[in-house]
Amino acid sequence: MSEHSKIEWTDATWNPVRGCAKISPGCKHCYAEAFAERFRGVPGHPYEWGFELRLVPEKLSEPFRWSSPKTVFVNSMSDLFQKEIPVDYIADVARVMLQAPWHTFQVLTKRSERLRDLLQGPLGFAARAPHIWWGVSVEDKRYGVPRIDHLRSAPASVRFLSIEPLLEDIGPIDLTEIHWVIVGGESGHGARKMARAWVESMRRQCDAHGVPFFFKQWGGVQKSKNGRELNNRTYDDMPSRTPAPMPDRARRLELIAGIEALASRWQRSPLVRLSNRPAA
Ligand code: SF4
C-alpha cells in the first residue's frame, strides 16, 4: 500500500491482497476494516469494494520498484493465509520476497495453521530465507496462544509474535525458537485497556529467554497521549538483519518483467475481477 509506514516496527507496507474477514477477538476493532470501509463505493479507489477480499496482482512487482532497501510489513490490510486465497497466489507473493533479499519482509497472520501447513509444503522453497520473517498475532489465551505452537512447527529462520492488541494476561508462554516479540495495546475508538502488569510479564519472559522485545504502544482512544515508554524508556529491539546488496536498476527491471508475466495469469481470477461487479 505504501512505501512509507507509520507503524513503529516497519518501514513500508505492501498489500498484494486487500480485504479480510474477522476470526478472533483481536479483530474486533480492525483498523484495516475501518480504513477500507470508509472508501466503499468510491469509484476507482483501491478500497472501492471496502474490506471484501481481493487479489491485487498489479502490486506483486512493487518491492522491485522501491528505490531503497526496506523492512516491509506484508499485507497490513489483509491476511495472506485466508483460506480463499489460492496457494499458487501465495507462492507468487513468496517468489517476489525470495527474489528481493535486499528488503526484509515481515509476514504476519492469524491463520497460523495454514501458515504452518504451507511452509511445511508448497511454500517450503521460501520458508527458511533469512530475510523473510514469519509471525503470528497473539491477543489472548484462547485464540492467540495456540498460534505460537503452529508457528514453532513451521520451518523458518525468523519467527515472531505480534502480541497486539494484548487483551489479557496471557501468562507464561513457550518462547523456544521464537526470535522476536512485539507487544502493544489497542488504539482508537472503543480501545480495550491493557494493564501494565501484562506487558511487564512479557518483557520479563523475553529478557529471561534472550528474545528481542519491541514495545509498540500503550494505545488508548488517543494513543499519542499515552506514548510508548515503559519503565521510562522505549524498547525497540529487533532481530539482526544482514540484507543483500540492492541490484542495479537494469536487474530490477528484469525482475519486474518476470513477475509481471506471473501477475498476468491472475487477471481472470474471480478474486481480481470483483472490481467489475456493480457496487453493493
Ligand atoms: S485478521 Fe487482521 S486484517 Fe483480518 S480482520 Fe482480523 S485484524 Fe483485520
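Me: In this predicted model, is strand β5 enclosed or open to its surroundings, and how would I read that from accessibility?

Reply: Burial is counted residue by residue, with under 20% relative accessible area as the cut-off. In β5 (104-109), six of the six residues are buried, so the strand is largely enclosed by the rest of the structure.

Me: Which residues of β5 lie on one side and which on the other?

Reply: In a regular strand the side chains alternate between the two faces of the sheet. Here T104, Q106 and L108 belong to one side of β5, while F105, V107 and T109 belong to the other, and with all of them buried both faces are covered.

Me: In which sense do β4 and β5 pair, parallel or antiparallel, and over how many bridges?

Reply: Strand β4, residues 71-74, pairs with β5 in the parallel sense, and the pairing runs over four bridges. To place one of these in the structure, look at T71, whose bridge partner in β5 is T104.

Me: Where is H131 found, and is this residue buried or exposed?

Reply: H131 is found in the loop between α5 (124-127) and β6 (132-137). Its relative accessibility is 10%, and because the cut-off for burial is under 20%, H131 counts as buried.

Me: What is H131 in contact with, once its neighbours within four places in sequence are left aside?

Reply: H131 is in contact with M97, L98, A100, P101, H103, T104 and F105, and two of the residues in that list, T104 and F105, were named above among the buried residues of β5. A polar atom of the H131 side chain also lies 2.6 Å from the backbone oxygen of M97.

Me: Which residues line the second largest pocket, and what is their character?

Reply: The second largest pocket holds about 180 Å³ of space, and its lining includes H131 and T104, along with P101, P130 and W133 and, further along the chain, S240, R241 and T242. By class, the lining divides into six nonpolar, five polar and one charged residue.

Me: What is the volume of the largest pocket, and which elements give two or more residues to its lining?

Reply: The largest pocket has a volume of about 1,100 Å³. Of the 42 residues that line this pocket, the closest to its centre are I7, Y31, A32, F73 and S76. The elements that give two or more residues to the lining are α1 (31-37), β5 and β9 (213-217), with the largest share, four residues, coming from α1. The lining residues of the largest pocket divide into 16 nonpolar, 16 polar and ten charged.

How values were computed: Residues are numbered from 1 along each chain as its sequence is written. This is a predicted model: local features need pLDDT of at least 70, side-chain atom pairs count only at pLDDT 80 or more; totals for chains, interfaces and linings use all residues. Side-chain values use heavy atoms; hydrogens and water are left out. On a 1 Å grid over the protein atoms alone, a cavity is a set of points where a 1.4 Å probe fits but cannot get out, and a pocket is an open set with protein on both sides within 12 Å along at least five of seven lines; lining residues have an atom within 4 Å of a point. Grid points are joined across faces, edges and corners, and a volume is the space filled by probe spheres set on the points. Ala, Val, Leu, Ile, Met, Phe, Trp, Tyr, Cys and Pro count as nonpolar, Asp, Glu, Lys and Arg as charged, and the others, Gly among them, as polar. Buried means under 20% relative accessible area, exposed over 50%, partly exposed in between (1.4 Å probe, protein chains only). A polar contact is a pair of N or O atoms within 3.5 Å; within protein, one must be able to donate a hydrogen and the other to accept it, and residues adjacent in sequence count only if both atoms are side-chain atoms. Contact means heavy atoms within 4.5 Å. Two strands pair if DSSP finds at least two bridges between them.
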